[in-house]
Amino acid sequence: MYRYDEFDARFVAERVAQFRSQVARRLSGELNEDQFKPLRLMNGLYLQLHAYMLRIAVPYGTLDARQLRMLAHIARRYDKGYGHFTTRQNIQFNWPRLVDVPDILADLATVEMHAIQTSGNCIRNVTADHFAGAADDEIEDPRPIAEIIRQWSSLHPEFSFLPRKFKIAVSGSAHDRAALKFHDLAVEIVRNDAGETGYRVLVGGGMGRTPYIGYVVGEFVAKQDILAFLESVMRVYNEQGRRDNLYKARIKILANSLGPDEMRRQVMVEFDEIRKSGTLDLPAAERARIDAYFAPPVFETLSDEMPADGEGFADWVKTNVSPHRAPGYAIATISLKPIGGVPGDATHEQMDALAALMDEYAIAEIRVSHEQNLVLPHVRKKDLPDIHARLMALGLATPNAGLVTDIIACPGLDYCDLANARSIPVAQAISERFADLARQHDIGELKIKISGCINACGHHHAGHIGILGVDKKGVEFYQLQLGGSGAQDASIGEILGPGFGKDEIVDAVERVIGAYLELRRGGERFLDTYRRVGIVPFKNVAYGQELHAAY
């Protein structure tokens with residue numbers, strides 16, 4: 001993984017010192033909250049419903065053991081003993097004291113971490129496929145280009161004050177595990193007819209108040225041209241993006257108002273101008289330098305057979321273990337969705353124990369997924385039984401990756417001052433309703449995603465079943481959406497109808513799933529069945545009608 005150079009270290013250290021001074025001025029009363037707000041946001045510090053919240057960047061979702069130990073230390077010393085992993089591959093601490101934040105940032109700097117550009121109208125943390133460098137369907141590891149984009153975008157003078165926040169994702173596989181089409185800008189590694197690798201660039205995706213699926217703005221961008229091309233897209237947005245209306249300021253609004261042809265034309269005008277100067281060519285030597293940081297481990301020659309083990313191991317392997325590019329290795333997903341638990345939360349004890357596990361089993365990295373789980377990307381199959389046993393002891397071996405209880409949920413009204421409704425209790429109640437593992441396996445792949453407000457931090461638009469919390473005269477209601485997908489077959493969920501009360505939503509979800517079980521054919525997933533039969537039978541059943549025999 002990437003290691004800071006002298007510039008990175010100095011840059012972060014200077015920012016910590018600056019913010020320490022700014023916090024001191026706030027605490028002394030020299031700065032009021034309005035004056036302090038833009039300064040704290042540039043350092044990932046929010047003022048939430050009950051306390052400050054610090055959001056820490058995990059670039060392209062990759063952590064090493066010392067960094068994970070530092071996050072455990074912060075949770076233990078400065079917070080309430082846990083951290084919350086988010087759909088942006090960040091980690092949030094919900095209870096830091098303002099006086100302690102400079103010390104937290106200084107501690108993070110010692111392990112090459114920071115909170116810069118995790119908030120504000122700038123380019124946010126660049127996310128990536130959480131199986132990067134390990135997946136058996138990968139063309140090329142996308143993390144080197146993610147790191148190059150991180151360096152290019154960090155405090156970029158032209159893009160530090162954009163019309164709105166800006167999110168970029170990268171992937172190197174045919175199977176989209178990074179929700180590319182729901183990003184402001186996405187970079188997908190592709191291979192052309194000549195066998196050369198380059199980048200397909202998508203623009204204009206997003207969720208929130210006005211969801212859109214991104215479209216291709218660059219079909220094949222050569223490697224040396226990628227920064228010039230991205231800069232061209234950003235220039236079009238920075239110049240023409242709406243600054244008069246907060247709700248229409250994202251690039252998705254601009255890209256979809258211009259349309260694909262005009263957006264491509266304007267980008268190419270900028271691209272041709274930038275290429276004439278040659279100042280943004282990405283040299284092959286620099287690409288090779290960054291690539292070297294992401295060289296894969298030296299894989300041993302091992303048997304490719306999956307070992308047998310005791311109770312629960314086979315179930316865990318079935319859902320939480322994925323194929324690896326190297327024989328004898330596997331990718332292991334660590335579910336942060338225990339039955340009845342808070343999606344995405346991990347305690348300081350769990351983080352410390354995972355770091356120890358990484359050291360013991362020579363696992364150099366752990367990944368944060370946008371689905372709020374953790375991933376061990378390079379696990380020897382022969383070690384899986386021991387690792388499973390260790391995870392069992394930690395409460396981290398829930399065998400539900402991709403199943404109905406593997407629920408994405410934002411913090412909602414329990415923490416967030418923007419939320420209209422609680423997300424966490426709904427996720428917990430659904431998880432408990434479908435706790436039976438045999439029932440989960442019978443249902444099969446089903447992605448439930450819950451947001452506590454229209455900002456869609458829980459990705460409800462992309463859920464096979466999406467749930468949106470809304471407020472009606474001070475009462476929480478929940479709107480059901482069906483048929484969304486954040487994968488390569490991306491789609492936006494359709495709203496069923498009026499919202500359900502907090503005591504009704506779990507029953508409505510169960511009725512919808514029951515209808516799927518009656519309607520499915522063969523090995524259809526929920527999404528397959530929904531796309532075949534449409535919304536009507538699910539809508540009827542959700543609101544208490546019988547499933548009509550015609551379906």
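Tutor: Let's start with a term: a pocket is an open set of grid points with protein on both sides within 12 Å along at least five of seven lines. Keep in mind that the structure above is a predicted model.

Student: What is the volume of the second largest pocket?

Tutor: The volume of the second largest pocket is about 740 Å³. His175, Arg177, Glu371, Glu445 and Lys447 are the lining residues closest to its centre, out of 35 that line it.

Student: What makes a residue part of that lining?

Tutor: A lining residue has an atom within 4 Å of a grid point of the pocket. Strands β11 (321–323) and β12 (329–334) each supply at least two such residues. The most come from β11, which gives three.

Student: How many residues of each class are in the lining of the second largest pocket?

Tutor: The lining holds 14 polar, eleven charged and ten nonpolar residues.

Student: Let's move to the core. Which residues touch the most other members of the largest nonpolar core?

Tutor: Ile226 and Leu376 do, in a core of 105 residues. Helix α6 (residues 226–240) contributes the largest share of this core, with nine residues. There is also a second, separate core of 34 residues, with Ile505, Ala515, Phe526 and Tyr530 among them.

Student: What makes a set of residues a nonpolar core?

Tutor: The members must be buried residues of the listed nonpolar kinds, joined through side-chain atoms within 4.5 Å. As general background, nonpolar side chains tend to be buried together in soluble globular proteins.

Student: Which residues is Leu376 in contact with, leaving aside its neighbours within four places in sequence?

Tutor: Its contacts include Ala330, Ile331, Leu357, Met358, Ile366 and Ile387. Glu365 is also one of the residues in contact with Leu376.

Student: Why is Ser485 called buried?

Tutor: The cut-off for buried is under 20% relative accessible area. Ser485 has 2%, so it is buried. You will find Ser485 in the loop between β19 (475–482) and β20 (494–495). Beyond its neighbours within four places in sequence, Ser485 is in contact with residues including Phe182, Ala462, Leu527 and Arg531.

Student: How do you know that the side chains of Ser485 and Asp489 make a polar contact?

Tutor: A polar contact needs a suitable pair of N or O atoms within 3.5 Å. The side chains of Ser485 and Asp489 are joined at 2.7 Å, so the pair counts.

Student: What makes Ala456 and His459 worth a look in terms of phi?

Tutor: Ala456 is not a glycine, yet its phi is positive, about 65°. His459, also not a glycine, has a positive phi of about 60°. In general, most residues other than glycine have a negative phi. Ala456 is in the loop between β17 (448–451) and β18 (465–472), and His459 lies in the loop between β17 and β18 as well.

Student: Are these residues buried or exposed?

Tutor: Buried means under 20%. Ala456 has 5% relative accessibility, so it counts as buried. His459 has a relative accessible area of 13%, so His459 is buried too.

Student: Why is Lys381 called buried?

Tutor: Its relative accessible area is 12%, so Lys381 falls under the 20% cut-off. Lys381 sits in the loop between β15 (374–380) and α12 (384–394). A polar atom of the Lys381 side chain lies 3.0 Å from the backbone oxygen of Asp304. Lys381 is also in contact with Glu305, Met306 and Tyr329, among others.

Student: How do you know that Ser423 is buried?

Tutor: Ser423 has a relative accessible area of 0%, so it meets the cut-off of under 20%. Its place is in the loop between β16 (408–409) and α13 (424–433). The Ser423 side chain reaches the backbone nitrogen of Gly452 at 3.0 Å. Among the residues that Ser423 touches are Ala409, Cys410 and Ile450.

Student: Why does Gln22 count as buried?

Tutor: Gln22 has 15% relative accessibility, and buried means under 20%, so Gln22 counts as buried. Gln22 lies in helix α1 (residues 6–28). Not counting residues up to four places away in sequence, Gln22 touches Leu31, Phe36, Leu39 and Asn43.

Note on methods
Residues are numbered from 1 along each chain as its sequence is written. This is a predicted model: local features need pLDDT of at least 70, side-chain atom pairs count only at pLDDT 80 or more; totals for chains, interfaces and linings use all residues. Side-chain values use heavy atoms; hydrogens and water are left out. Buried means under 20% relative accessible area, exposed over 50%, partly exposed in between (1.4 Å probe, protein chains only). Helices (H or I, at least four residues) and strands (E, at least two) are DSSP runs, numbered from the N terminus. Contact means heavy atoms within 4.5 Å. A polar contact is a pair of N or O atoms within 3.5 Å; within protein, one must be able to donate a hydrogen and the other to accept it, and residues adjacent in sequence count only if both atoms are side-chain atoms. On a 1 Å grid over the protein atoms alone, a cavity is a set of points where a 1.4 Å probe fits but cannot get out, and a pocket is an open set with protein on both sides within 12 Å along at least five of seven lines; lining residues have an atom within 4 Å of a point. Grid points are joined across faces, edges and corners, and a volume is the space filled by probe spheres set on the points. Ala, Val, Leu, Ile, Met, Phe, Trp, Tyr, Cys and Pro count as nonpolar, Asp, Glu, Lys and Arg as charged, and the others, Gly among them, as polar.
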